[in-house]
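Here are two short exercises to work through with the model open in your viewer. Try each task before reading its solution.

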Amino acid sequence: MLQRTRIRRWLVWVGVGLGMCGSVVAYQWYTRSLTNSIPPIREWFQNGATRPSLTTQTNAPCPNAPFLLPSSGLIGLLYGDPAAPYHVLRRHSGIDIFGNGTPGTVPIVAAYNGYLTREADWKSSVIIRHDDPLQVGRTIWTYYTHMADVSGTTSFVHADFPPNTREVFVEQGRLLGYQGEYGGNLRIGLHLHFSIVKSDPQGAYMNETVLANTLDPSPYLGMQLQANRLPSRPINCQNT
Ligand SMILES: [Zn+2]
């Protein structure tokens with residue numbers, strides 16, 4: 001009798017274990033169907049020889065697009081991407097551009113004319129206010145981050161924009177700083193996180209970590225940058 005109870009209990013645990021494994025596999029399969037960002041990022045970091053063939057180069061805005069891609073490299077994580085460290089309930093709110101270089105050497109430039117702010121406690125970030133070129137009368141923002149070394153002690157933001165900078169006019173293409181690896185407690189690899197942020201009713205920028213507070217950068221950059229469109233890399237201008 002005791003033996004039978006033990007076997008039954010054991011079978012229940014095996015069932016629970018298999019169910020959990022199955023859920024994990026199903027979730028991974030589902031996430032993979034929504035993005036193709038992980039394989040090129042893995043290639044980028046594991047095999048340096050592949051980097052030139054994965055790189056999108058910044059030269060000029062794409063035809064019929066107002067914004068300049070603010071840095072060169074692999075456009076890895078995309079807009080709305082559920083790939084780790086994000087997931088289907090907390091998707092990536094911008095694009096990650098992985099530069100080919102060492103921390104502090106890969107330039108980042110302003111995507112469009114606007115007015116730059118750097119808050120007092122921002123080690124690695126700047127934000128620029130713009131008149132939306134695609135919707136007249138709307139104010140939007142472009143946000144640039146990870147511009148510091150991995151520990152956050154050395155900032156790679158250009159010396160022209162110290163903490164507490166307010167509303168300084170910058171032209172499209174103006175050097176803002178250099179790519180870094182600072183991501184708080186996360187090991188993120190060298191890249192720029194770039195997002196387009198909406199204004200709140202008072203005209204201030206919203207919390208850019210929330211997808212709903214941001215805009216799809218595809219029409220602004222003239223590139224297919226939505227994760228669920230599964231673009232192959234490198235991503236180039238879609239209308240040339
Ligand atoms: Zn990012």
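**Exercise 1.** This is a predicted model. Find the disulfide, and decide where its two cysteines lie and whether each is buried or partly exposed.

*Solution.*

Step 1. Start with cysteine 62: its relative accessible area is 5%, and buried means under 20%, so cysteine 62 is buried.

Step 2. Look for its partner. Cysteine 62 is joined to cysteine 237, with an S to S distance of 2.0 Å. A search of the whole structure turns up one disulfide.

Step 3. Place both ends. Cysteine 62 sits in the loop between helix 3 (51–54) and strand 1 (74–75), while cysteine 237 is in the segment after helix 4 (218–221), so the link ties together parts that are 175 residues apart in sequence.

Step 4. Check the other end: cysteine 237 has a relative accessible area of 24% and is partly exposed.

Step 5. Read the torsion. The angle about the S-S bond is -80°, and the link of cysteine 62 and cysteine 237 is left-handed.

**Exercise 2.** Which residues coordinate the zinc ion, and what spacing do the donors follow along the chain?

*Solution.*

Step 1. List the donors: His92 through NE2, Asp96 through OD and His193 through ND1, at 2.0 to 2.1 Å from the zinc ion.

Step 2. Write the spacing along the chain, which is H-x3-D-x96-H.

Step 3. Map two of the donors onto strands. Aspartate 96 belongs to strand 2 (residues 95–98) and histidine 193 to strand 9 (residues 192–198), so this pair ties together parts that are 97 residues apart in sequence.

Step 4. Finish with accessibility. Aspartate 96 is buried, at a relative accessible area of 5%, and histidine 193 is buried, at 5%.

Definitions and conventions: Residues numbered from 1 in each chain as written. Predicted model: local features only at pLDDT ≥ 70, side-chain atom pairs only at ≥ 80, totals over all residues. Heavy atoms only, no water. Donors = N, O, S within 2.8 Å, 3.2 Å for Na, K, Ca; no water. Helix = DSSP H or I, 4+ residues; strand = E, 2+ residues; numbered from the N terminus. Buried < 20%, exposed > 50% of the residue type's maximum accessible area, 1.4 Å probe, protein only. Disulfide = S-S within 2.5 Å.
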